[in-house]
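Let's work through a few short exercises together. Keep the viewer open and try each task before reading its solution.

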Amino acid sequence: MILSGEEMGAFFDTFERSAFRLETHQTYTIPNEQAGLARFLAGEPKPEGHNANWAAYVRQTTASGKTIQRAKVVKRPFTEYTRYLMSWGVPGNVAAGEDYRIADVTERPPSWPEQDFWLFDEKTVALLNFNADGTLSGRELGEPAELETYLHWRDLALSEAIPFVDYRF
């Protein structure tokens with residue numbers, strides 16, 4: 001089943017305990033991030049309030065007892081996007097309460113496929129499909145019969161990733 005942006009957003013509004021994201025790509029071409037990425041690449045300072053909406057959401061959500069976890073796969077040398085994300089994005093996410101981890105697969109391939117997904121409450125999988133240039137090509141609801149596979153990939157990613165605060169880049 002194809003998911004609209006509104007349907008995807010509803011998962012963030014209604015999950016009860018946990019949300020987990022696996023990010024496998026090295027570059028994401030997200031329209032609302034392009035101006036910030038350009039500023040970062042130009043050597044400008046991070047603007048006040050950068051990523052404030054997500055940080056506010058994370059603070060509110062984690063204060064209510066829910067968890068938001070993410071495992072980001074990285075490979076060296078880092079892409080410009082990965083450098084931007086790890087310098088301007090992730091520190092604020094972590095400060096807001098997101099459990100953000102890094103899985104550096106430079107020396108070895110990962111134990112999971114290159115499929116981005118969100119897993120909500122260990123029962124709903126939303127697959128995120130990207131084109132080679134990092135643009136989102138679509139979202140779809142994962143098949144219930146495949147839930148155990150995504151739980152396994154989540155567990156592998158978390159076991160192989162280290163907390164962002166402990167990662168040296």
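The exercises below go from one residue out to the sheet around it.

This is a predicted model, in which local features need pLDDT of at least 70, side-chain atom pairs count only at pLDDT 80 or more, and totals for chains, interfaces and linings use all residues. Residues are numbered from 1 along each chain as its sequence is written, and side-chain values use heavy atoms, leaving out hydrogens and water.

**Exercise 1.** Find Q69 and decide: is Q69 buried or exposed?

*Solution.* Start with the strand: Q69 sits in β2, residues 67–74 (strands are DSSP runs of E, at least two residues, numbered from the N terminus). Next, take the relative accessibility: Q69 counts as buried because its value is 18%, and buried means under 20% relative accessible area with a 1.4 Å probe, protein chains only.

**Exercise 2.** Which side chain shares a polar contact with that of Q69?

*Solution.* Look at D99: its side chain and that of Q69 are joined by a polar contact of 2.9 Å (a pair of N or O atoms within 3.5 Å, one able to donate a hydrogen and the other to accept it; residues adjacent in sequence count only if both atoms are side-chain atoms).

**Exercise 3.** In what order do the strands of the open sheet lie?

*Solution.* First, trace the seven strands: β6-β5-β4-β1-β2-β3-β7, with mixed pairing (strands pair if DSSP finds at least two bridges between them). Then check the edges: β6 (136–141) and β7 (162–163) each have a single partner strand, so one side of each lacks a neighbour in the sheet. Finally, zoom in on β1 (residues 18–23), which pairs with β2 in the parallel sense over six bridges; R21 has R70 in β2 as its bridge partner.

Key. Helix = DSSP H or I, 4+ residues; strand = E, 2+ residues; numbered from the N terminus. Buried < 20%, exposed > 50% of the residue type's maximum accessible area, 1.4 Å probe, protein only.
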